[in-house]
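Student: Before we discuss anything, could you show me the sequence and the coordinates, so that I can follow each step on the model itself?

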Amino acid sequence: MASFKPTKVQVYPKLGEKVTQDTLYWKNYKAPVQIKEFGAITNIDFSPVAPHNFAVTAFTRIHIYGPFSQEPVKTFTRFKDTAYCGRFRSDGQLLVAGCEDSVVRLFDVSGKVALRMFKGHTKAVHIADFTSDRYQILTGSDDYTCRLWDIPNATELNTYQEHTDYIRCGVTSKLNRDLFITGSYDHTLKLFDARADKSVMTMDHGQPVESLLLYPSEGLLVSAGGRHVKVWDLLKGGQPLVSLKNHHKTVTCLCLSSNGHRLLSASLDRHVKVYNTTNYKVVHNFDYAASILSLALAPDDESIVVGMTNSILSIKHRKSLEESKEISGQQRRQPSYRVFVKGKNYVPKQDDYLVSKPVKQHLAKYDKQLKKFNVSKALDTALETWTRLRKPEITVAVIKELDRRGTLKNALAGRDEQGLARLLNFLIGNVVDPRFAPVLVTAAEMILDIYQSVIGQSPVVDRQLLRLQELLEREIDYQQDLLEVLGMLDTMFASSLPRKEVPCPGASRANGLAQGESSISRPQVQAT
Amino acid sequence: MVEHGDIRVVHRGGSKINFREPVITHDSRYLLCASGECVKVFSTSTEECIHDLRGHTGLVTGVLLKPSNHLQVYSCSADGTVRLWDYTDGILIKTYVIGYPVYSICASANHEGVIFIVTPMLSDKRSDLFQLVAVDLPQSGDQLVEARELSAVLSDVSSNPAAIVFGRGGEYIASANGLHLEVYFFKKQKPYRFSFKEDNKKGGKNTFMCVACHPKDDCIATGHEDGKIRLWRNFNHKKEYTYSTLHWHHSAVSSLCFTPEGTNLLSGGMESVLVQWRYNQESERDFLPRLGSAITHITVSPDGALFCTSHSDNKITIIQSCVKVSAVIQGLVKGESVRTDMMVDPRSKSLVLNGKPGHLQFYSLQRDKLLYNLDIVQQEYIHESGLEQFEVVKAAFDASGSWLATVEERKQKDAELELNLKLWAFDEQTQSFVLNTTISAPHEARIIAMCFCHATDSQTTMLVSTSKDGHFKAWQLAAPAHTEADEGPSWSCDFVGSYHGLVPECCCFSADGSLLAVSFQEVVTVWSPASWELLTTLSQPPKAVRDLCFGRLSCSKYLLGTTANSLLCCWNLLTCSLEWSTSMDISLLLADPLTENMAAFCCQAGSTDLFVFKPSEPRPVFSQKAVCSGKVTRAVFAPREEMLESCEESSQWLNHSQLYFLTPYMDLMTFTTKAEEDRLMASSKQLVIDDRVAMTPFYLLLGKHRQQEDPDSVSGLSAERRPLPQCSVAIKELLQTPAHVLPSTSFLCSMFVQSLLISVTDGREETKHAEEEMESEKEEEDSEGEMESSTQRQEQAPLGGQAAPTLTKAQHRELKRVKKLDHSWFAHLLHS
């Protein structure tokens with residue numbers, strides 16, 4: 001006597017991205033906190049010292065937010081025009097910012113009024129940064145120049161006029177106080193040494209450069225411009241290493257994860273992409289509501305802050321340990337489990353005689369009904385709300401099994417308004433799913449056959465039937481469109497692929513048999 | 001062409017065992033069933049076939065225990081004889097020649113020396129009317145007896161043995177045929193007829209299917225086509241008979257049987273559920289569901305302890321009183337059609353083909369036994385006629401037997417075709433195939449052919465399937481891209497190929513796996529599986545290619561193909577030209593995997609000829625005309641377990657492997673040589689199966705000891721170990737005597753232990769003599785002390801008996817000499 005074979009629920013391939021360590025890591029963030037700013041957010045910078053406040057530059061203000069605050073803890077409003085590039089010094093005490101009015105302002109984080117004003121640029125200053133010795137400031141401006149300033153004296157130390165277009169990005173070395181790199185809209189990156197009076201290295205990015213990033217080791221430089229992200233090896237004289245083209249609009253911002261193993265790039269195409277820095281493959285992707293202008297990661301990746309063109313600041317905080325555990329805790333076993341497991345883990349001794357008990361087969365509810373040939377009840381159990389909504393593949397598998405047994409008609413027939421409405425609801429939800437369509441179309445046809453006589457008696461059922469009809473009409477339109485696209489693609493492929501000739505020995509002679517005879521006769525000729 | 005006298009076509013195994021109802025012997029130890037032209041005797045406990053009762057020259061149509069002697073059995077056959085056998089020793093006792101084909105047999109204890117047989121109507125040979133005839137068996141000492149005293153009892157009976165049965169110790173006989181039930185009372189010599197109308201109003205079909213009579217009561221149970229069971233009573237009256245109806249079965253009741261005491265009625269049918277009805281309390285029933293396939297016969301052992309059901313899938317199930325299945329005797333399942341080709345599992349060397357619905361059967365050719373069924377579909381089989389269910393239609397093994405690919409399909413009338421391609425990996429631990437990958441809808445239409453790449457050294461395993469949708473696909477085993485710990489490698493599609501929108505038919509890999517040939521109607525395309533490049537095309541004369549085969553070993557440069565317009569072509573792949581071709585209507589071409597030989601079954605004038613040839617040689621190695629009638633479409637080369645060393649040219653092709661084929665009538669045939677047959681006969685005579693020892697816990701204990709002993713005796717220690725004849729006798733005595741007649745245990749114990757002691761007379765003497773020698777040297781001890789010490793020695797000796805030093809012959813002789821001297825000297829001393 002064989003045991004009952006339960007219904008096979010087909011395992012469908014999981015759609016969407018694969019679960020990897022990276023997706024787990026980057027998905028482990030809470031729902032974003034969104035804060036409306038006054039204008040497009042052009043720069044976000046985290047303070048290097050705890051508690052890691054961050055400065056958000058938007059329109060004519062710079063707001064400083066605490067790590068968990070929704071309101072700014074401090075605001076700098078003394079700008080005549082749009083502010084740019086609010087950056088902290090490495091001790092977190094000072095903040096420098098450029099401005100559309102060409103004046104560079106230096107603030108004390110605790111104060112309100114600018115400590116110093118550096119005047120000298122003739123056009124908007126988009127980039128300002130501290131050098132690693134903390135006493136100098138680098139600025140880059142739309143007047144094609146970049147300058148070094150002395151903080152104590154507020155005097156200009158040097159001016160470099162090598163770029164031929166706007167300078168929109170720059171970065172100073174953290175290891176050497178004299179080195180800094182600027183990127184410009186003239187497509188070049190230039191490495192300057194303050195000890196020399198001109199650039200020591202020039203790299204061509206090919207597009208207007210929007211953002212620069214130095215690796216912590218400062219051997220590699222990443223630049224973003226146009227749709228490309230390029231990695232340069234500075235130790236090899238600026239040799240390009242990789243060129244990445246994963247965005248379909250201009251890349252605006254670059255950022256490195258705290259351990260330095262992942263590179264993040266944000267773009268106007270509303271995506272943030274996460275790259276693995278060993279093979280430069282995209283391992284994760286974030287979507288945002290609007291084009292992204294600025295992006296920053298808190299130390300230890302505690303939060304991801306993104307500023308967008310629609311002046312919304314989005315802050316995602318990492319889930320704490322308890323919160324991430326809560327999810328796995330749902331699978332925690334019920335307390336009665338311990339009672340059932342009692343004695344199960346007993347290991348028999350050597351002399352013990354084992355009395356084996358037949359293992360009781362556990363069957364799902366619908367299988368129990370199927371075993372008893374209760375077809376209607378089996379379908380009812382499979383249509384229970386939870387199964388129907390969460391695991392439609394189980395419902396579909398039961399319908400398929402009933403169809404295989406030739407009893408689907410019996411199971412579908414004889415339903416009241418409520419039961420029929422539930423069934424139609426399920427059909428409307430799933431009939432156009434390509435995974436379930438072959439099974440559900442048969443079921444839908446049967447339902448229409450069985451219940452055509454009662455159409456018009458119930459407004460609920462009638463409404464659902466109309467919805468089903470609409471759905472199918474729409475689906476037919478979709479299919480038609482898809483077929484058209486497919487036809488177009490086919491013609492394109494056919495014309496673009498090179499035609500390959502296949503060697504065919506029989507081509508010249510139509511009949512293979514004649515050819516065979518000649519080959520047989522050949523040795524005879526040679527013999528004679 | 002040479003006639004090969006010593007190669008014969010023989011039936012090989014797989015005969016039906018469910019043709020007629022089996023018989024369980026009185027002691028419930030043996031089960032006898034008709035199987036083809038012999039009667040097979042099975043052991044009910046071990047499921048093993050103990051011996052065949054051979055002698056009939058036609059199909060055996062019935063087996064019956066002799067009512068007066070339960071150690072003898074009658075068998076009747078379509079060859080017109082009834083034979084009496086001693087089934088324990090397998091000896092033919094008597095042959096009664098009837099002269100007409102016998103279709104079934106029955107007898108009862110009431111009728112001494114008379115058997116009742118069903119034969120065709122004597123007057124009219126061609127009509128399918130049958131009559132029941134009583135045969136007086138002449139009492140004669142001869143082995144071959146003519147039984148001519150026939151007297152017709154009933155005319156117009158059914159040839160189905162289930163429709164004729166004796167009632168109440170042989171007082172009457174009940175026979176059902178069509179819509180009539182006829183009861184014949186022997187005392188009154190009067191038949192009563194009861195009839196049904198064709199259909200009643202509800203559409204039920206009243207045709208009688210089977211009859212059973214209650215052993216004690218006047219009650220006849222009849223099974224009907226609509227699934228009803230009717231219990232007839234009072235049937236010795238023409239008018240006042242009554243019947244009650246039981247209805248559980250939804251389709252025809254094929255077998256009915258009362259238990260020997262008459263307390264229960266067993267019924268079975270298409271549903272494959274054994275139903276047990278309580279007699280007189282018919283509302284209570286027990287079920288034994290899911291017995292595998294439709295029940296055709298039910299038998300109960302004479303003591304009522306065992307039930308036995310025959311099933312339509314050539315299986316006999318032995319059931320212990322409706323509780324649990326204790327044994328299953330399974331023959332080769334031969335359905336109406338073998339959808340999968342015949343294959344040989346490279347691991348177990350067993351024949352593989354589809355058997356039970358949704359299963360693959362692995363059938364050992366050497367032992368003529370079904371090894372196991374592999375469930376491919378893994379769905380509950382619904383026993384209902386007219387229901388389309390998943391069927392295994394294709395299967396293929398890879399060269400090492402570690403992968404099995406199967407295709408199952410289901411086609412409903414107006415629904416889409418459902419196809420599943422499943423790939424099974426061989427699991428070393430469980431020694432069976434485990435499902436690895438299921439590909440649902442691998443193709444849009446039916447899969448025509450499928451083959452694995454046979455190269456044994458290649459890194460990847462590859463499967464190619466061709467389908468009616470105009471594509472062929474290559475499947476490859478690959479590790480998943482995102483490696484997760486719990487997921488092993490799985491199969492995925494590697495390449496989809498097509499050629500001018502034509503339908504691919506056959507596919508074949510070359511022996512080294514470097515070439516793939518796929519035929520598209522009359523064009524053969526050759527591909528390179530490494531790069532999926534179309535290397536060349538070879539065109540046949542304008543007719544579709546039927547078979548495609550690469551040569552093996554030294555002939556691997558040849559590609560052979562057969563076409564629908566009876567042509568066999570052989571291409572040389574080095575020159576891409578036709579090497580030779582010949583006109584033959586070949587229905588099947590296949591290559592021997594172990595040698596260069598190819599076998600071609602050639603259909604000519606209603607019968608099939610076989611040619612075995614090498615592609616490189618113009619003359620066939622072997623040919624035989626008229627192997628069988630009809631067209632052979634299934635055949636396989638099965639590798640031999642041990643190679644034959646025949647040096648005769650004509651039979652050399654059978655050295656490595658054996659050719660099996662299925663005739664259109666689903667008979668499994670093979671070719672054997674004379675030498676092999678002789679050897680087989682010799683070995684079968686030696687074969688004695690001892691199943692007398694029942695599997696009891698005590699047997700297990702003893703058996704274990706015996707097994708432990710065996711290696712000891714082999715390892716050469718047997719020389720030291722002495723046989724213990726007395727003790728084994730004592731144990732036997734102890735165990736065979738009933739406990740209540742045995743003396744008290746304390747008394748027995750000492751006896752028992754004593755019997756276990758080893759007598760060491762020889763060693764003791766030697767030690768004694770050695771002692772005497774020592775004493776003679778000391779010359780101080782008196783005789784009493786000596787006696788004491790010697791008795792002490794006697795007591796100790798048994799303990800150290802085995803450790804006593806063994807002496808060489810020379811030493812022994814020396815000792816004897818010393819002993820003689822000693823004695824004389826000692827005697828002298830005593831005298832003085």
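Tutor: What follows is a set of questions and answers on this predicted model.

Student: How many residues of helix H10 of chain A enter its expected span, and what distance separates its end C-alpha atoms?
Tutor: Helix H10 of chain A covers residues 437-451, which makes 15 residues, and at 1.5 Å a residue these should span 21 Å. The distance between its end C-alpha atoms agrees with that expectation, being 20 Å.

Student: Which helices of chain A do the buried residues of H10(A) pack against?
Tutor: The buried residues of H10(A) include Val439(A), Leu440(A), Ala443(A), Met446(A) and Ile447(A). Their packing partners in chain A are helix H7 (392-404), helix H8 (408-412) and helix H9 (417-430).

Student: Is Arg89(A), which forms a salt bridge with Asp91(A), buried or exposed?
Tutor: The closest N and O atoms of Arg89(A) and Asp91(A) are 2.8 Å apart. Asp91(A) has 18% relative accessibility and therefore counts as buried, the cut-off being under 20%. With 12% relative accessibility, Arg89(A) likewise counts as buried.

Student: In the salt bridge of Asp193(A) and Arg195(A), is Arg195(A) buried or exposed?
Tutor: These two side chains meet at 3.0 Å, N to O. Asp193(A) counts as buried at 13% relative accessibility. Arg195(A) has a relative accessible area of 56%, and because the class begins over 50%, Arg195(A) is exposed.

Student: How many residues apart are Asp341(B) and Arg634(B), whose side chains meet in a salt bridge?
Tutor: Their N to O distance is 3.3 Å. Asp341(B) lies in the loop between strand S30 (324-330) and strand S31 (343-344) of chain B, whereas Arg634(B) belongs to strand S55 (residues 634-639) of chain B, so that the pair links distant parts of the chain, 293 residues apart.

Student: Which strands are at the edges of the open sheet of four strands in chain B?
Tutor: The order of this sheet is S19-S20-S21-S22, with antiparallel pairing. An edge strand pairs on one side only, and in chain B this holds for strand S19 (208-213) and strand S22 (242-247).

Student: Which residue in S22(B) stands opposite Lys228(B)?
Tutor: Strand S21 (residues 228-233) of chain B runs antiparallel to S22(B), and six bridges join the two. Opposite Lys228(B) in S22(B) stands His247(B).

Technical notes
Residues are numbered from 1 along each chain as its sequence is written. Chains are lettered from A and ligands numbered from 1 in the order in which they are written. This is a predicted model: local features need pLDDT of at least 70, side-chain atom pairs count only at pLDDT 80 or more; totals for chains, interfaces and linings use all residues. Side-chain values use heavy atoms; hydrogens and water are left out. The expected span of a helix is 1.5 Å times one less than its number of residues. Buried means under 20% relative accessible area, exposed over 50%, partly exposed in between (1.4 Å probe, protein chains only). Contact means heavy atoms within 4.5 Å. Two strands pair if DSSP finds at least two bridges between them. A salt bridge is a side-chain nitrogen of Lys or Arg within 4 Å of a carboxyl oxygen of Asp or Glu.
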